[in-house]
Amino acid sequence: MDDRTGQTRRRPVGVRRLKVGDREVLAQGLRAPVFQDLYHHFMTVSWPRLFATIAAFFLGFDVLFGYLYYLVPGCIANLNPPGFAGAFFFSVETLATVGYGEMHPQTLYGHVISMIEIFVGLMTLALITGLMFARFSRPRARFLFAANAVVRPIDGKLTLMFRAANARLNVVQEASAQLRMLRDEVTAEGFNIRRITDLSLVRAQHPVFILGWNIMHVIDDSSPLKGESAESLNAAGTVFILSLSGTDVTTGQMLMARSEYSCTAIRWNQRFRDVLEDADGAVQFDYRKFNEVEPLADTSVDDRRQ
């Protein structure tokens with residue numbers, strides 16, 4: 001209660017910290033409704049935290065029901081060891097529905113408590129099984145994205161190029177790519193806005209994505225990047241978001257992945273190292289060179305920027 005206003009004080013809302021690209025965002029004013037969104041919570045927490053939470057619930061129920069057995073001595077036959085320890089271990093056997101047979105309820109109270117605990121154990125087992133299956137069966141795209149993008153001439157046109165690969169080396173059918181640019185702009189009214197702009201691609205679809213894919217945007221007169229430079233992109237806080245999706249023919253599931261590139265990750269007047277080589281009549285894809293870039297011998301990028 002606030003003594004000055006006579007009103008009940010609200011509990012301060014915590015601050016949640018998250019990463020959006022290279023930016024760190026502090027979200028304040030939202031409560032985290034964990035118990036109203038348990039499924040999403042358990043799908044997103046780390047595996048150690050998930051197992052620790054399940055173990056805590058298991059031990060908590062064991063202690064609770066063990067204490068209920070302990071409250072009424074004699075409700076469990078052949079209790080061993082005697083006292084709370086025996087009641088606790090009987091609770092463990094009952095909750096897990098194993099029932100070794102030596103200890104068993106012998107009064108109406110014991111049967112009622114064990115019946116309730118068995119029901120709780122069955123429901124808990126069903127929930128944990130469903131949660132584990134959902135986490136293990138969740139589709140994961142093992143798409144690789146090169147650490148940098150390059151700007152170089154292709155067919156006489158200045159081109160922004162990204163490199164991606166399929167690390168599973170299986171067929172991803174009808175893969176598609178989308179490239180978007182985020183940067184700070186000021187409208188004609190003087191309003192500051194974080195604008196999202198779609199960038200057209202030379203080829204936005206790949207029928208059979210198995211190895212690598214060079215994703216290119218031509219910087220021509222229609223491109224939002226026309227006349228831009230590394231300095232102007234940096235001044236606007238520019239970020240590029242590359243999204244890939246496709247159908248895994250092995251599982252039939254839709255795969256999705258994305259990578260974010262700050263303006264400092266764009267290498268001007270450079271090219272990707274060639275990862276395809278001939279090896280005894282076969283084509284070799286060398287992933288060790290996947291992230292490597294090198295300067296172009298021709299320094300004509302600056303001349304063609306305008």
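Let's start in the middle of things, where two helices touch: Ser91, Thr94 and Leu95 in α3 meet Ser114, Glu117, Ile118, Val120 and Gly121 in α4. Contact here means heavy atoms within 4.5 Å. Helices (H or I, at least four residues) and strands (E, at least two) are DSSP runs, numbered from the N terminus.

Before going on, a word about what you're looking at. This is a predicted model, where local features need pLDDT of at least 70, side-chain atom pairs count only at pLDDT 80 or more, and totals for chains, interfaces and linings use all residues. Residues are numbered from 1 along each chain as its sequence is written, and side-chain values use heavy atoms, with hydrogens and water left out. As for pLDDT, that's the predictor's confidence in each residue, from 0 to 100. The chain has a mean pLDDT of 86, with 88% of its residues at 70 or more. Over residues 301-306, though, pLDDT stays under 50, and the model has 19 contacts beyond four places in sequence for them. Where pLDDT is low, the predicted coordinates should not be read in detail.

Now for the overall picture. The secondary structure comes to six helices and 18 strands. Of the chain's 306 residues, 35% count as buried; buried means under 20% relative accessible area, exposed over 50%, and partly exposed in between (1.4 Å probe, protein chains only). Take the contacts between residues at least 6 apart in sequence: 63% of them join residues at least 24 apart.

Back to α3 and α4. Two packed helices are described by the angle between their axes and the distance between the axes. The axes are lines fitted to C-alpha atoms, for helices over the stretch in contact, and angles run from 0 to 180 degrees between N-to-C directions. For α3 and α4 the angle is about 50°, and the axes are 8 Å apart. α3 and α4 are therefore oblique to each other. In this scheme, angles under 35 degrees count as roughly parallel, over 145 as roughly antiparallel, 65 to 115 as roughly perpendicular and the rest as oblique.

α3 also packs with α2. The axes of α2 and α3 come within 8 Å and cross at roughly 125°. That makes α2 oblique to α3. The contact involves, among others, Phe58, Phe61 and Tyr69 of α2 and Phe84, Phe88 and Val92 of α3.

How do the helices measure up in length? The expected span of a helix is 1.5 Å times one less than its number of residues. α2 (residues 47-71) has 25 residues and should span 36 Å, and its end C-alpha atoms are indeed 36 Å apart. For the 12 residues of α3, the expected span is 16 Å, which agrees with the 16 Å between its end C-alpha atoms. α4, with 30 residues, reaches 43 Å from its first C-alpha to its last, close to the 44 Å expected.

What about their buried sides? In α2, the buried residues are Leu50, Ile54, Asp62, Phe65, Gly66 and Tyr69, and what covers them includes α1 (38-44), β3 (76-77), α3 (84-95) and α4 (108-137). In α3, the buried residues include Gly86, Phe90 and Glu93, and the buried residues of α3 pack against α2, β3, β4 and α4. Among the buried residues of α4 are Ile113, Leu131, Met132 and Arg135; the buried residues of α4 pack against α1, α2, α3 and β4 (104-105).

A few backbone oddities are worth a look. Most residues other than glycine have a negative phi, and most peptide bonds are trans. Yet a cis peptide bond, with omega about 0°, joins asparagine 80 and proline 81, and proline 81 sits in the loop between β3 and α3. After α3 comes threonine 97, whose phi is positive, near 55°. Leucine 169 has a positive phi of about 60°; you'll find leucine 169 in the loop between β7 (157-166) and β8 (172-186), partly exposed at 48% relative accessibility. Asparagine 269 also has a positive phi of about 60°. Asparagine 269 lies in the loop between β14 (266-268) and β15 (270-272) and is buried, with a relative accessible area of 14%.

Finally, visit alanine 141, in the loop between α4 and β5 (143-145). At 22% relative accessibility, alanine 141 counts as partly exposed. Leaving aside neighbours within four places in sequence, alanine 141 is in contact with Arg168, Leu255, Met256 and Ala257. The C-alpha atoms of alanine 141 and glutamine 253 are separated by 9.9 Å, with the two residues 112 apart along the chain.
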